[in-house]
Structure formats: structure tokens, C-alpha cells
Amino acid sequence: MPEQTICKIVRQYNKVPVSGEDMQKLQEIAKDCASVKNYVFGRYGGIKSLSKLYPGYTVQNEMTKSGLRESLGLPSVYFYLAVFDALKEIKLQWGRVKAAVLKRVNAHEKFTEEEKHFLRYLLKVSNAFESALNCTKLKLPEDLQRQYEFLASQVEAEKLERYLRRQVRKYVRKLHTEEAEGFSIGERAYRYADHGIYISVKQKRKRIFIPLTDGNRYIRQIYIRLYPDRGDVELQVPVYVAVKSHADYGRQVGLSMGMRVMLVTDEGHLYGMQFGEYQKQLSDWLSEQTVSYQRNRKANSGRKKYQARKRRLEEQLHSYINQELNRLLRTEKPAVLYLPKLPGTGVSGPAKKMNYLVSTWQRGYIRSRLRQKCQEQSVEFVEVFGKDISNLCSHCQARGTKNGGKFFCSHCGYEEDQKINAARNAKKRGTASDDFRSFGHKSPDK
């Protein structure tokens, strides 16, 4: 069996601040790459260009003939990577659009199963999707063409294609970027040496040298993120690492996430007990700085110190989160983790201080890091349906009450910490059936 691997991002940093002159050269590349991406977005982001997106060589050839690279004076190693980065974002948007439309189709109560099947077919088969949006005659391989004609004969195909076009218009967005925060770079445009990296710039046969904090060397496409306000760069290197497997990891563990204690298991084990303190320190400081900035906006000379302080607080918080997630996996030794998928948070309402804390809650970061660490350790990460997960009794599934951090069920008399009760519900939903693993299923009415 081939060794299983996953991709993770390794980050490298400059050892000393990049000079203003060198940073300006890097910013010129980033700005030109942003211009290339916006050109691609404008020219190939619409429905007329769907047929050119895969595999993308048609776009590459047309961009070569456009003369944009010569007018910018941008080396080809940056130009074509910017083109394919833009195409990737266009493809991702179409993927999101199709997923959103599919969700609407599946939830449409007035559609028959035949109508839903026909629309799913249009969304799945690229040529059929493109033809429906552009109102052109569909040409498919013989087998697919017969299948399409059979499905179309059972429904009002023209009416459903009009519905598809209306839905796509609701979700598709005109892509554009105003930020020139970084750029992709191929292995032909850089060279590791002298405990640093030499990077090609727009001037012919010229490179700038950036000393690095580590001596690691890579041969692959990387992304350079620029922080001109403090003279820093961040090299984001995708690296494939072997997935670890553990013979002693066999437990199924339900989790509940909170703002004070980061994670609670179904057995009542706590991880991230100081999470609330770190989180409150960050949110209080951000709130104070926002008020101060609004009050003294005209006299404020810049936000450099603010950004540096914010970065330090976030790094401290993220370091603590990762430390506790590692401890959770080492201690619990899970084969499967069940975590509720919760709705979005809002920042409106009278309790502004609490809402500000909620708006800066790092739950998205926790979830993404936990998912990544589970992949690295061969642990299955399952998100279960989160509606009412803290309001239902994990013992009898009746609706209970919460008060002072405690959950009480008047139906069966069960009493427990509300986070433990929610974690037990997460485990129960994950292990009972697959119904709660996909979002949109209703919780049982008890």
C-alpha cells in the first residue's frame, strides 16, 4: 500500500527586516500579479468562458497573445502563475455556485423527483450546465446525450433551465481583488542559499536576498506574503507529510466548544481552561483600541503599533489553542471525534460587550486546526448537526432547561453540566446514524 500523505503549509520568515527598496520591488510584483488576476477575472469569470476553464490552456494561450505581460514588464514565471491562480479562484466560485443551487433544488418542495433529477444532471455534467446557461444546443457523447434526452422528456426542460439561470445569477459574483498582499512564485524564480533565499525581481538578471530564520530548503511553488508596514515577508510552502497512524487510538469522543473552556468531552474532560482568559484579553483590547481610534481618528498617525500588538495577542492565543489540541489527541486517543456544526454569530443587540467577544471568538480557527491535526494523526473528524444540541437531554432527548451552566431535564430528571450534555449529544448523533452528519436534517421532536 502506498504511504498516505496530506498537504500542510510550512511557513518561513525573514531574519531581519527587508529594506524599503527591496520591499518596493516585491510590492511591484504583487501589484502586477493582482492586475493580471483582475484581467483574468474580467475576461474569463462569466458564463461565456465556462468551456475555457478546463484544463485552462486555452486561457493561457490567449493571455500570451494579449500583450499584457509585455506591457507590465512582468517575468513569465510570475505572469502565468497569476493567471492560473485567478483560474483557480474562478473554478472555486463556480463550485460554490453549483453547491448553493443544488441545495436550493434539493429543498424545493414543489419540484417532482424527475425535475430534481434533471436539474442535478445539469449541475453535474459540465457541458450540460454550460449549454443551459448560454442557451446553446447541447452536444454530448452518445451515452450522455441519450440520458439527457430521456431526462428532458420527463419534464419541462426549458422551464427548469430558466430556473437554473435565475438561481445562478443570484449566487455568482464578479471577482476582483484590490489587495496586492503577495504572489505565487515557482522554483525557477528563487534559490535557497547562504541561509536565506534569493528572489527574482522585474529587473533582468537581478535578485534580492532575504535572510531566513531557518535553513530549510524546498523545491516547489510557494506563496510570498508581504507585510510592508513592518518590513516582513512570510513564505508559505505546501509540504506533503506522511499521515501517522496509532494502534492505540480507538475511542469515539463527543466534543462541545465554548468561549471560556475551549473544548469539553462527553466524559467531562476539559481542554483549554485558560482559553477564555486569552480570548477576553484579545477582545477587550480590540474593543478599547476601536473606541480610542474612533475618538482620535484625525490625530492618529498610523496603526503600526496596533497591528503589532494585535498580532502578538493572536499568536499567543493560537499557540495555546494548538498546544491544547495536541494534548486532547494525546490524552483521549480517539479514532473518531464528533463536533457540532454551529450557526454563525452576530454582533448586534444590546449586550455589545458580549457580542464583541462573540464576534472575535476563534472557533473557526479551532475547527480548522482540529480538522488538520485529525488528518495528520489518522483520526476521523465528523461534524454533526448542531441545532438544539445543547437544549435536548442526552439521556432521553426531551427538551430541557439551562441555568448557571447546568442542564436539567424535567422529563427524566437528568442533570449535568450543559457542555458535557452537549458533547454527549454530539457523540450520540454521530454514532446513532448518518442522519445528523449532513446539515439540514431536523432534530427529533420530543
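A disulfide here is a pair of cysteine sulfur atoms within 2.5 Å. With that cut-off in hand, this predicted model comes out with zero disulfides. Beyond the cysteines, there's a four-stranded open sheet to look at, plus a pair of helices, α5 and α6, that cross at roughly 105 degrees.

**Cysteines**

- The sulfur of C393 has its closest cysteine sulfur in C412, and at 3.8 Å that's too far for a bond, because a disulfide needs the two sulfurs within 2.5 Å.
- C393 is buried, since its relative accessibility is 0%.
- C33 also counts as buried, because its relative accessibility is 4%.

**The open sheet**

- Read across the sheet, the strand order is β1-β7-β6-β2, and the pairing is antiparallel.
- Which strands stand at the edges? They're β1 (5–13) and β2 (182–185), each with a single partner strand, so one side of each has no neighbour in the sheet.
- Ignoring direction, neighbouring strands of this sheet are turned by 25 degrees against each other on average.

**Around β7**

- Strand β7 covers residues 232–242 and runs antiparallel to β1, with nine bridges joining the two.
- On the other pairing, β7 meets β6 (residues 222–227) over five bridges, again in the antiparallel sense.
- Q236 of β7 is a handy residue to click on: it is the bridge partner of R11, and Y223 stands opposite Q236 as well.
- β6 and β7 also make a hairpin, with four residues between the two strands.
- In the turn of that hairpin, G231 has a positive phi of about 70 degrees.

**The α5/α6 pair**

- In general, two packed helices are described by the angle between their axes and the distance between the axes.
- For α5 (residues 113–124) and α6 (residues 126–134), the axes come within 5 Å and cross at roughly 105 degrees.
- That makes the two helices roughly perpendicular to each other, because angles of 65 to 115 degrees fall in that class.
- Which residues make the contact? From α5 they are Y121, L122, L123 and K124, and from α6 they are S126, A128, F129 and A132.
- Sorted by class, the contact of α5 with α6 has six nonpolar residues, one polar and one charged.

Note on methods. Residues numbered from 1 in each chain as written. Predicted model: local features only at pLDDT ≥ 70, side-chain atom pairs only at ≥ 80, totals over all residues. Heavy atoms only, no water. Axes fitted to C-alpha atoms, helices over the stretch in contact; angles between N-to-C directions. Parallel < 35°, antiparallel > 145°, perpendicular 65-115°, else oblique. Contact = heavy atoms within 4.5 Å. Nonpolar A, V, L, I, M, F, W, Y, C, P; charged D, E, K, R; others polar. Pairing = 2+ DSSP bridges. Buried < 20%, exposed > 50% of the residue type's maximum accessible area, 1.4 Å probe, protein only.
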